[in-house]
Amino acid sequence: MSVTATIRIQEADFDAAQEIAALTRGRTDIGAVVTFSGICRGSENGEPIAALTLEHYPGMAEAEIGRHADEALSRWPLQGLTVIHRFGRIAPGENIVLVVTASPHRQAAFEAAEFLMDYLKTNAPFWKREESEKGTSWIEARDHDDAAAARWTKS
């Protein structure tokens with residue numbers, strides 16, 4: 001059975017439980033589902049933030065995420081894969097990203113979800129601007145995120 005990833009970039013919020021149900025409905029070949037939900041924090045380095053604004057390049061973002069989803073599907077025996085990434089203004093406590101991986105066994109589902117999140121955190125074509133009492137500023141990549149993503153690079 002060929003598995004196709006579901007990839008959506010949207011301004012609207014999502015419901016993780018509904019996405020899991022849609023991915024697993026009627027399936028008996030799935031033994032593990034791993035989800036990661038990224039949520040907007042209310043502070044960064046001890047300073048309160050009002051919101052994040054995420055921008056992307058339509059078309060390019062979907063294609064790039066699709067490329068990495070295809071890599072995950074080729075590296076792990078997945079039975080299903082969903083990636084949803086929001087854009088626009090996102091307030092603290094609101095969802096930003098959802099990754100759902102489904103496999104016959106847990107290890108593949110965990111590894112594929114971690115691989116995709118490491119990619120999304122470091123290389124996905126999104127730009128994040130943080131709003132705080134001090135004004136707005138663009139968020140730069142962090143070294144520890146780059147190190148996490150580098151471990152998946154094939155030698």
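## How the helices and strands fit together

Helix 2 (residues 60-75) and helix 3 (residues 106-122) pack with their axes 10 Å apart, at an angle of about 155 degrees. That angle makes helix 2 roughly antiparallel to helix 3, since angles over 145 degrees count as roughly antiparallel. Keep in mind as you look around that this is a predicted model.

**The helix pair**

The crossing of helix 2 past helix 3 is right-handed. Which residues make the contact? From helix 2 come E64, I65, H68, A69, E71, A72 and R75, while helix 3 brings F115, L116, Y119 and L120. Sorted by character, the residues of this contact are seven nonpolar, one polar and three charged.

F115 of helix 3 has another role to look at. A search of the whole structure finds one aromatic pair. The rings of W76 and F115 have their centres 5.4 Å apart and their planes at 50 degrees, so this pair is tilted. W76 sits in the loop between helix 2 and strand 5, whereas F115 belongs to helix 3; with their positions 39 residues apart, the pair links distant parts of the chain.

**The four-stranded sheet**

Now turn to the strands. Strands of a sheet pair through backbone hydrogen bonds, and they can do so in a parallel or an antiparallel way. Here, an open sheet of four strands has the order 1-5-7-2, and its pairing is mixed. Which strands lie at the edges? They are strand 1 (6-10) and strand 2 (32-39), each of which pairs on one side only. From one strand to the next, the twist averages 5 degrees.

Both helices of the pair you met above also pack on this sheet. Helix 2 touches strand 1 and strand 5 (80-86), and its direction makes about 150 degrees with that of strand 1. Helix 3 touches strand 2, strand 5 and strand 7, and its direction makes about 150 degrees with that of strand 7.

**Antiparallel strand pairs**

The table lists three antiparallel pairs, each with its bridges and an example of two residues that face each other.

| Strands | Bridges | Example |
|---|---|---|
| Strand 2 and strand 7 (residues 95-103) | Eight bridges | S37 opposite L98 |
| Strand 4 (residues 47-56) and strand 8 (residues 126-132) | Seven bridges | A51 with E131 |
| Strand 8 and strand 9 (residues 135-138) | Four bridges | E130 with S137 |

Strand 8 is a good one to trace by eye. It runs antiparallel to strand 4, and it also runs antiparallel to strand 9. How many residues lie between strand 8 and strand 9 in their hairpin? There are two residues between them.

While you trace these strands, remember one more general point: in a regular strand, the side chains alternate between the two faces of the sheet.

Technical notes
Residues numbered from 1 in each chain as written. Predicted model: local features only at pLDDT ≥ 70, side-chain atom pairs only at ≥ 80, totals over all residues. Heavy atoms only, no water. Axes fitted to C-alpha atoms, helices over the stretch in contact; angles between N-to-C directions. Parallel < 35°, antiparallel > 145°, perpendicular 65-115°, else oblique. Left-handed = near helix turned anticlockwise from the far one by under 90°. Contact = heavy atoms within 4.5 Å. Nonpolar A, V, L, I, M, F, W, Y, C, P; charged D, E, K, R; others polar. Pairing = 2+ DSSP bridges. Phe/Tyr/Trp six-rings, centres within 6.5 Å; stacked < 30°, edge-to-face > 60°.
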